[in-house]
Structure formats: structure tokens, C-alpha cells
Amino acid sequence: MASNHLTGIGRESKQLATWYFTFAAILFGAQLLFGLVAAIQYVMPAFLFEVLDFSVARMLHINALVVWMVFAMFGAVYWLLPDETGIETVGIKIGKLLFWVFAAAIVVVVLVYLFIQVGPADEMSIWFIHEGREYIEAPRWADFGIVVVALGFVANLFLTGIKGKQTGIVTVLMADMIAFSGLYLCGMFFTDNISMDQYWWWWVIHLWVEATWEVYVGALAAYGLITMLGAHRKVVEMWLWIEVTMLFGSGILGLGHHYFWIGTPEYWWEIGALFSALEPLPLVAMFIHVLYDWGKTQGEQDAQGKEVSVIRNKPAFTWFVLNAFGNFLGAGIWGFFHTLPQVNLYTHGTQFTSAHGHLAFYGAYATILVGMMYIAIQGTNGIKVMNHTKSSIWAVSLLTGGMMGMTVALTIAGYVQVLVSRAQMGATWAAYFDGQSGIWFAQAMDWRLIMGVVMFAGFALLAKDFLTTGKAPVHQR
Ligand code: HEM
Ligand code: HEM
Ligand SMILES: [Fe+2]
């Protein structure tokens, strides 16, 4: 990715962005590999037993997920910042230094997860091994490192935003990234009371993915529509403000849908039900927004009256459109399915949750971040109009087809659990195991594994495309 057609204002910031994207792409591959290990263990429980147990493979899978996305998110901000503000990012030298600090810390953390794996469950483990908090397991020393890196990142963004042109996109990002970084603190302290611990942990997990990350995606989509389609900034930014209002309006109190069964007061049932049920609305708005802008640019003509395609980066645009669909489906529809307490009573913690988790993370975030990587490849290679290659088409099809297949398999497995473990047998210990021993469940786990292999093939092609696309003169016009 790090070729050198980057010139002019923002060259340094964009170079830093490509570093972030490269590291993110590598971690994405690692995430899939550990997911495959965990999926094999569902089918063959003895696989890598006592070498890389399920709990460790799963931890690596979902922590790599969060970290690659955060890297790609930082990268995308460093990429778009000079375009939006018209100036080079302020403090870029420190920004670059912090990248290395961040990357080195992550490498150490991953090595510890891989080779030390578990500690004696005391303070030492929390400081040096991991914290036992799903998705954000980083040990405390790394937590402090991450805080320093995040502060540097936010400072870069703010100083640049204040000095340069302040577009709506930059303003939204400034507010959003402060909240996004600040929330991380809620996952850093330890309490002996498990309800309290979960209470704060959800401030990070839920308020990230259903508030701050979604707002971030809105800003990114706005930038993408302007860059790829030449959409009108005024219209795009008007949509953006509407989306931000709706996302925060529903997402913040929607937090209540995680407070149904963890020992928090019962008023959360009503609050969670009401506000989280509203959460799909902004996702519909985001969906319409992308299609609307796309539609508006169809049928444009050149000077000779010939219809021209105005999409300047086809692979990126494909991923952005998938984002609009995927966000709506994975977060909006699959999320809504189980968000009412009456339903969640049956579905809570089943494979249904996993189906939603997979499709939502993929649809809402993986897609748009891969799209941004394509925009960066176009920029770094100085390509005017970027077309699909065979690999880019296969990559997007296999990854997305695999993810859809996996979602269907997990939904079926979840359905079996709801029916057997919850409805028929009443959520007893025995019911938990019965729900997972039937043929429907077992077959669904086989299919999840097969679909995982399909996804991995898609990833291999994506990596190949990243490394080769733009180098071939065919794409340059
Ligand atoms: C892109 C946005 C979203 C992402 C990435 C996401 C991801 C996830 C993940 C990974 C979990 C499992 C957490 C765990 O390990 O316990 C989860 C749980 C849940 N999500 Fe989402 N989600 C999103 C949006 C939504 C929306 C919009 C709704 C509702 C309308 C929703 C409803 C729920 C509910 C009710 C649970 C709890 C499931 C349970 O009780 O087991 N999510 N989400
Ligand atoms: C090769 C493809 C993949 C395979 C084989 C795979 C497999 C798995 C397995 C076996 C688990 C543990 C489930 C459990 O505890 O019951 C898991 C959890 C999870 N994976 Fe994946 N995964 C893959 C790709 C992805 C992708 C692309 C994403 C997101 C973009 C993702 C997000 C998650 C999340 C959020 C969880 C936690 C879900 C929950 O606890 O509700 N995975 N995955
Ligand atoms: Fe949530």
C-alpha cells in the first residue's frame, strides 16, 4: 500500500493513514484465522486442546476484531483530514510516533494472549495478561498506552480541525472522537460486583457500536459520497446532522437493552425496549441517504451527451453500498429481532446473538473500512478512476456471501437453542446442553465452519487485490 504517488498538502497524514490501514488489514486476517480455530473447535472439540483452547482463540478473534477496526478508523481520519480541512495534519510527527507505540503494544499483547494465555486471576493478571472483559481484554499497562495514543490522536484531530477549514464532517468527527475515546475509560476499572462491572463494560461496548461508531460511519459515508460520486456537500451534510441526532437520540438510552438480566433496576426494561426499538430508524435513514445520492448521480452526461459513470472508485463504492445494506440488516433488523425484553428472555446469549454480532460488525463496520482502504489505494497510486478487478469482485462476493451464509447458519442454531433450551426445557443446566446436542445445531456449526473457509478465501483475494491493484496500468485513465 505504501507506494509514493502522495504529493501536496496532507502527504504525511495520508502516509500515516496507509500505515494504519496496513496494520488493520493484517489484523483482519488474524481475526479470521482465530475465528476458524474457534469454529473448528465447535465441530471437533479436541482440536488444539490445551495448546490454543477455545476461550483463548475466541478472545483473540474478537479482540483482533475490535483492534483492527480501531486502527482502520484512526487511519480513515488521518486520510480524510487534509481533504476536508485543506491543510496538513497538525502534530503529524507525534501522530506517526504514536502509531509505532500503538502497533508495538498490540503485538506484545497478542503474544502474551498466545503464549501466556491465562493468569492466576489476581491484580497481576489484570495488569499484565488480560482483564477478563470480552472484546476489550487489553491488560492495564496497555490500557494506559492506548489512552495516551488516543489522546494524541484526538489532539491531532482537534488542532487540525481548529486551524483548517471546519466542515460539517470534521465537526462531527471532532465531537464523536472525544466521546469514542472517553468511553474507553469506562472499561478500565475493576469492581468486585459483577453487575456493576457489566454495567460499565456495556458503556464501552454498546455506546461504541450503537452510538459513537455509528456516527463515525455516518461521517465516513458522507466523505465517501462526496469523494466517489461528487455528491453535493450541502445535501450530504444535512443528512449527516439528521443521522447524528437520530443515532444519539436512540442509541444512548438504547443501552438499556443490555440491562435486562444483569441485576440492574427493572425500569431499564421499559427504557431499553423503547429506545433500542427506535435504533433501526437512523439506520434506515443512512440507507436511504446513500441510495438517494447514488440515484441523483445516475445518468449524468459528458460534453458529447454520452452517459458517463461518475463513480470514481468502483470497489470502494461497492463496499460503501454494502455498508448501507449491511448496517440496516445486521444492526437494524437482526438487532431489532431480539431487542424487546419479551423476546430477549428467550434469545439472550444464544447463537442468535452471535448471528447478530457477526452480521452487524461486518455490515456496519468491516464493509465501510475496507471501502476506505480502497480509497487510500486509489489515492496512494494516483488513480483517477478505479475499476473492479477480478480479485476485487471475488473478494467482496466471497467475504459477503460467506458472512451471509454464516449468519443464516447461526440464526438456525439460535432458533434451536431458543426452542429446546429455553421454550421447551426452561433454561436449566441440562437444557443448555440438550439445546446444543441436536442434529440441527450440529449441522449449523458445520455450515458456519464451511462459510468461514469461504470468507477466508475472500480475504486472501482481498489481500492480493490490495497488494496488486493500482500497479497495473489498465486501471489508469
Ligand atoms: C453496528 C451496530 C451493532 C453492532 C456491531 C452490534 C453488535 C453486538 C454484539 C457483538 C453483541 C453481543 C455482545 C456480547 O458478546 O454479549 C450484541 C448484543 C445485542 N445487540 Fe447489538 N449490535 C449493533 C446494533 C444493535 C442494534 C441497532 C440493536 C437493536 C435494535 C441491537 C440489539 C442487541 C441486543 C438486544 C443484544 C443483546 C443480545 C443478548 O441478550 O444476548 N444491536 N450486539
Ligand atoms: C472466518 C470467519 C469467521 C469465523 C469462522 C468465526 C467464528 C467465530 C466463533 C466460533 C466465535 C465464538 C462464538 C461463540 O462463543 O459461541 C465467534 C465470535 C464472534 N465473532 Fe466471529 N468468525 C468469523 C468472522 C468474523 C467476522 C468477519 C466478524 C466481524 C466483522 C466476527 C465477529 C465476531 C463477534 C462479534 C463474535 C462474538 C459474538 C458473540 O459472542 O455474540 N467474526 N466467531
Ligand atoms: Fe446494544
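How many residues surround ligand 2, and which are the closest? In this predicted model, the count is 20, and Gly35, Ala38, Gly357, Phe361 and Gly452 are the closest. The views below begin with this site.

**View 1. The shell around ligand 2 is supplied by helices that include H1, H2, H13 and H16.** At least two residues of the shell come from each of H1 (11–43), H2 (54–85), H13 (351–381) and H16 (439–468). H13 provides the largest share, 7 residues. Nonpolar residues number 12 in the shell around ligand 2, alongside 7 polar and 1 charged. Both domain 1 (7–166) and domain 2 (335–477) contribute to the shell around ligand 2, with at least three residues each.

**View 2. The shell around ligand 1 is made of 23 residues.** The closest to the ligand are Ala331, Gly335, Gly357, Ala360 and Ala364. Helix H7 (194–229), helix H11 (314–337) and H13 each give at least two residues to the shell around ligand 1. The most come from H13, which gives 6 residues. By class, 13 residues of the shell around ligand 1 are polar, 7 are nonpolar and 3 are charged. Gly357 is listed among the closest residues to ligand 1 and also among the closest to ligand 2.

**View 3. Domain 1 (7–166) meets domain 2 (335–477).** Between the C-alpha centres of the two domains the separation is 21 Å. Their contact takes 19 residues from domain 1 and 18 residues from domain 2. On the side of domain 1 that touches domain 2, H1 and H2 each supply at least two residues. The largest share of that side, 14 residues, belongs to H1. The residues on the domain 1 side divide into 15 nonpolar, 3 polar and 1 charged. H1 and H2 are also among the helices that supply the shell around ligand 2.

**View 4. Helix H10 (280–296) packs against H11, their axes coming within 9 Å.** The two axes cross at roughly 160 degrees. Angles over 145 degrees count as roughly antiparallel, so H10 is roughly antiparallel to H11. The crossing of H10 and H11 is left-handed. From H10, the contact is made by Pro280, Leu283, Val284, Met286, Phe287, Val290 and Leu291. H11 brings Phe320, Val321, Ala324, Asn327, Phe328, Ala331, Gly332, Gly335 and Phe336. By class, the contact of H10 with H11 has 13 nonpolar and 3 polar residues, and no charged ones. Two of the H11 residues in this contact, Ala331 and Gly335, are also among the closest residues to ligand 1.

**View 5. Helix H7 and helix H8 (233–254) have axes that come within 9 Å.** The crossing angle of H7 and H8 is roughly 175 degrees. With the cut-off for roughly antiparallel at over 145 degrees, H7 is therefore roughly antiparallel to H8. The H7 side of the contact consists of Leu207, Glu210, Ala211, Glu214, Val215, Gly218, Ala219, Ala222, Leu225 and Ile226. These meet Arg233, Val236, Glu237, Leu240, Glu243, Val244, Leu247, Phe248, Gly251, Ile252 and Gly254 in H8. The contact of H7 with H8 contains 13 nonpolar, 3 polar and 5 charged residues. Among the charged residues are Glu210 and Glu214 of H7 and Arg233, Glu237 and Glu243 of H8. H7 also supplies at least two residues of the shell around ligand 1.

Note on methods. Residues numbered from 1 in each chain as written. Chains lettered and ligands numbered in written order. Predicted model: local features only at pLDDT ≥ 70, side-chain atom pairs only at ≥ 80, totals over all residues. Near = placed C-beta within 6 Å. Helix = DSSP H or I, 4+ residues; strand = E, 2+ residues; numbered from the N terminus. Domains from an automatic or database assignment. Axes fitted to C-alpha atoms, helices over the stretch in contact; angles between N-to-C directions. Parallel < 35°, antiparallel > 145°, perpendicular 65-115°, else oblique. Left-handed = near helix turned anticlockwise from the far one by under 90°. Contact = placed C-beta atoms within 7 Å.
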